[in-house]
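Here is a quick tour of one protein chain, written for someone who would rather be at the bench. Have a look at the fold before reading on.

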Amino acid sequence: MAKKAPRRTAERILEVTLDLFNRFGEPNVSTTLISAELGISPGNLYYHYPAKDELINSLFDRYERALSELLNASDGVRNVEDAWFFMHTLFELIWQYRFLYRDLNDLLSKNRRLETHFQWVLKNKTRSVKALLDGMSRSGAMSIDSREVEATATSMVVVLTYWLSFEYVRDPRNALEPGNAQAALLRGAHHVLNLLIPYLEQGQRMHLQALVGAYSTPANSPATSGK
């Protein structure tokens, strides 16, 4: 039992750190604030994570493992509905670790490990999106010229990577609050898949529009409530 206690404390530290990073942004969260939130001494925090970068790297490792597993699911995407739920699930994971995306440029400039590993993240996202495009093409859900695959996949990855930054710039005070998660994720999934509109088979295009319509109420509710 004595050996398990440090692991439990280390896990709790990561959970609280992730919450604080997501709420306030990593640059605005000090190790002093983390220890105060946990009700432990700075020395106890330092025992488990001697530097703030170790907290960031540990959280990123969790994200990277979960992302790798999820991206493999793109091989099974065959139609718009599969793609919709794949993208929404992907955005849910990004939201769970949204501090990485909110503060991405700042983090990469300060953390060499993240700088190198995020190159892998981009490559793996691109590989996954290409697999998605290939699966949908082979099933007849879409038709895309092979010369357009690279640019289309890159555009989709750009939107995936910077969507939450766009949401934050659009509404800095509220965009990344938990209550806005569902609307932000739906908008993100919609705009990524909207890049496929020119290539979708007509029935699939109509199905995508129906999916967007069916799930759009949460995204539109803030605007309508202000009327």
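What follows goes from the whole chain down to a short helix, a helix pair and a single methionine.

Keep in mind that this is a predicted model. The chain has 12 helices and 0 strands, so the run of elements from the N terminus is simply α-α-α-α-α-α-α-α-α-α-α-α. Its C-alpha trace spans about 60 × 45 × 35 Å along the principal axes. Of the 227 residues, 44% count as buried. If you take the contacts between residues at least 6 apart in sequence, 75% of them join residues at least 24 apart.

Here are the helices that come up below.

| Helix | Residues |
|---|---|
| α2 | 31–38 |
| α5 | 80–96 |
| α8 | 112–138 |
| α11 | 202–215 |

Start with α2. Which of its residues are buried? They are Ile34, Ser35 and Leu38. These three cover an arc of only 95 degrees around the axis, which puts them on the same side of α2. That fits a general rule: an α-helix has 3.6 residues a turn, so residues three or four places apart point the same way. Over on the other side of α2, Thr32 and Ala36 are exposed. Just after the helix comes Gly39, with a positive phi of about 75 degrees.

Next, the pair α5 and α11. Their axes are 9 Å apart and the helices pack at an angle of about 40 degrees. Angles under 35 degrees would count as roughly parallel, and α5 and α11 are therefore oblique to each other. Their crossing is right-handed. From α5, the contact is made by Val80, Glu81, Trp84 and Phe85. From α11 come Gln204, His207, Leu208, Leu211, Val212 and Tyr215. By type, the residues of this contact divide into 7 nonpolar, 2 polar and 1 charged.

Last, Met136, which sits in α8. Is Met136 buried or exposed? It is buried, because its relative accessible area is 0%, and the cut-off for buried is under 20%. Leaving aside neighbours within four places in sequence, Met136 is in contact with Val77, Arg78, Asn79, Val80, Ala83, Ala141, Met142, Leu196 and Leu200. Val80 is a name you have met already, as one of the α5 residues in the contact with α11. Ser35 of α2 is another matter: the C-alpha atoms of Met136 and Ser35 are separated by 48 Å, and the two residues are 101 residues apart along the chain.

Definitions and conventions. Residues numbered from 1 in each chain as written. Predicted model: local features only at pLDDT ≥ 70, side-chain atom pairs only at ≥ 80, totals over all residues. Heavy atoms only, no water. Buried < 20%, exposed > 50% of the residue type's maximum accessible area, 1.4 Å probe, protein only. Helix = DSSP H or I, 4+ residues; strand = E, 2+ residues; numbered from the N terminus. Arc of directions from axis to C-beta. Axes fitted to C-alpha atoms, helices over the stretch in contact; angles between N-to-C directions. Parallel < 35°, antiparallel > 145°, perpendicular 65-115°, else oblique. Left-handed = near helix turned anticlockwise from the far one by under 90°. Contact = heavy atoms within 4.5 Å. Nonpolar A, V, L, I, M, F, W, Y, C, P; charged D, E, K, R; others polar.
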